[in-house]
Amino acid sequence: MQTKLSENEVMSAPQSTDTPPPQMVVLQMATAYWVSQSIYAAAKLGIADWLKEGAKSCEELATISGTDEQALYRLLRALASVGIFAETESRQFVLTPLANCLRSDVSDSVRDASIMMGDREHYNSWGNILHSIKTGESGFENLFGMNIFEYYSRNPEPAEVFDRAMTSFSSSEIPAIVASYDFSSIRQLVDVAGGHGSLLTTILQANPQMEGILFDLPEVIERAKSAIAQDVANRVQLVTGSFFESVPAGADAYMLKHIIHDWDDERSITILKNCHKAMADNGRVLVMEQVIPPGNTPFMGKLLDVNMLVMCPGGKERTEVEYQALFEAAGFRLTRIVPTQTFVSVVEGLKI
């Protein structure tokens, strides 16, 4: 009879140290989307939320989620084999530390990000990767007939999934940025395309002497009005517009978090030049992105770079040398790159 772990033993189960042969490693990599789409299905169904109070049978979970019991069992058994959920008794499942991250009510949740990555916008575009590699153009745009930003403006349901996913990414990045970069000398900070203002709000809370401007498209700013924390609302101006045309003038620092990587060099330089033109003398620009290291070093940004190729019109991650060239073309001198505890760094440039 097969032995199943008890719920208390799930967290401390030993891991195999056997190294598979190279061809098996490559095969595991080639079939990795089986795992990612299984995670997507469990996230979309909200399975982790139903297990937060303890173990449930697959029969119960199928009834709650409106799924076929045998099909759901096969899904959860497969996910348990890679550490997401665990079967403790016959057809009974519990959360594991990995599965806990798929809950919707935890601060480090990746549920929305997992749903976004598995929905047709990302999944089908990655299936069109050869178009991007052969042409250098967006696989998404080739499939959907418009760029991703126009698509989200026309399709509110996937746009909401995207917004929630970006918020979940920010939940770990924002504290790391605030802890790693010293904002205390900044008098007025403009958050360019700052979304709902989560980063700006956190920086203002840590720097009571600072004033902020949240700048984004009109429909984004409208949603941001109810999202700005009350304790800093009197220090935040909400301004609408397009960063391709202009940004609010007169501040001494402008930050762009996950903005420059959406665009090719020409359009990125346009955005940075608009910041340069608007800022005070001796102002600075703070670009918050994943900076690709040289060589064969494993780094999430190298895969994210391919995602930008597939999804965005000219989007890309960049190396330090590429940021230096971008900054110089826009009138900035790259002064330093400040790493954080996440994959994101703060790339600082001074106006020259």
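Here's a quick briefing on the cores, two helix packings and two unusual backbone spots in this structure. Keep in mind that the model is predicted. Its largest nonpolar core has 29 residues, and there is a second, separate core of 26 residues. As background, nonpolar side chains tend to be buried together in soluble globular proteins.

**Nonpolar cores**

- Within the 29-residue core, Leu 256 and Leu 272 have the most contacts.
- The elements giving two or more residues to this core are strands S4 (188–192), S5 (211–216), S7 (253–257), S8 (284–289) and S11 (332–339), plus helices H15 (265–278) and H17 (320–330).
- H15 supplies the largest share of this core, at 5 residues.
- Leaving aside residues up to four places away in sequence, Leu 272 touches Leu 256, Ile 260, Val 285, Val 287, Leu 326, Phe 327, Ala 330 and Phe 332.
- As for the second, separate core, its 26 residues include Ala 42, Leu 75, Ala 99 and Ala 113.

**H7 against H12**

- Helix H7 (residues 111–118) packs on helix H12 (residues 156–180) at about 135 degrees, and their axes are 7 Å apart.
- That angle is why H7 and H12 count as oblique to each other, and their crossing is left-handed.
- On the H7 side you'll find Asp 112, Ala 113, Ile 115, Met 116 and Met 117, which meet Val 161, Phe 162, Arg 164, Ala 165, Met 166, Ser 168 and Phe 169 of H12.
- Sorted by class, this contact of H7 with H12 has 9 nonpolar, 1 polar and 2 charged residues.
- Ala 113 turns up twice here: it belongs to the second core and also sits in the H7 contact with H12.

**H4 against H5**

- Helix H4 (residues 58–65) and helix H5 (residues 69–80) pack at about 110 degrees, with axes 9 Å apart.
- H4 is therefore roughly perpendicular to H5, and the crossing of this pair is right-handed.
- H4 brings Cys 58, Glu 59, Leu 61, Ala 62 and Ser 65 to the contact, while H5 brings Glu 69, Leu 72, Tyr 73 and Leu 76.
- The class split for H4 with H5 is 6 nonpolar, 1 polar and 2 charged.

**Positive phi outside glycine**

- Arg 91 isn't a glycine, yet its phi is positive, near 65 degrees.
- You'll find Arg 91 in the loop between strand S2 (86–89) and strand S3 (92–94), and its relative accessible area of 24% makes Arg 91 partly exposed.
- His 258, also not a glycine, has a positive phi of about 55 degrees.
- His 258 lies in the loop between S7 and H15, and at 18% relative accessibility His 258 counts as buried, the cut-off being under 20%.

Note on methods:
Residues are numbered from 1 along each chain as its sequence is written. This is a predicted model: local features need pLDDT of at least 70, side-chain atom pairs count only at pLDDT 80 or more; totals for chains, interfaces and linings use all residues. Side-chain values use heavy atoms; hydrogens and water are left out. A nonpolar core is a set of buried Ala, Val, Leu, Ile, Met, Phe, Trp, Tyr and Cys residues joined through side-chain atoms within 4.5 Å. Buried means under 20% relative accessible area, exposed over 50%, partly exposed in between (1.4 Å probe, protein chains only). Helices (H or I, at least four residues) and strands (E, at least two) are DSSP runs, numbered from the N terminus. Contact means heavy atoms within 4.5 Å. Axes are lines fitted to C-alpha atoms, for helices over the stretch in contact, and angles run from 0 to 180 degrees between N-to-C directions. Angles under 35 degrees count as roughly parallel, over 145 as roughly antiparallel, 65 to 115 as roughly perpendicular and the rest as oblique. A crossing is left-handed if the near helix is turned anticlockwise from the far one by less than a right angle, and right-handed if clockwise. Ala, Val, Leu, Ile, Met, Phe, Trp, Tyr, Cys and Pro count as nonpolar, Asp, Glu, Lys and Arg as charged, and the others, Gly among them, as polar.
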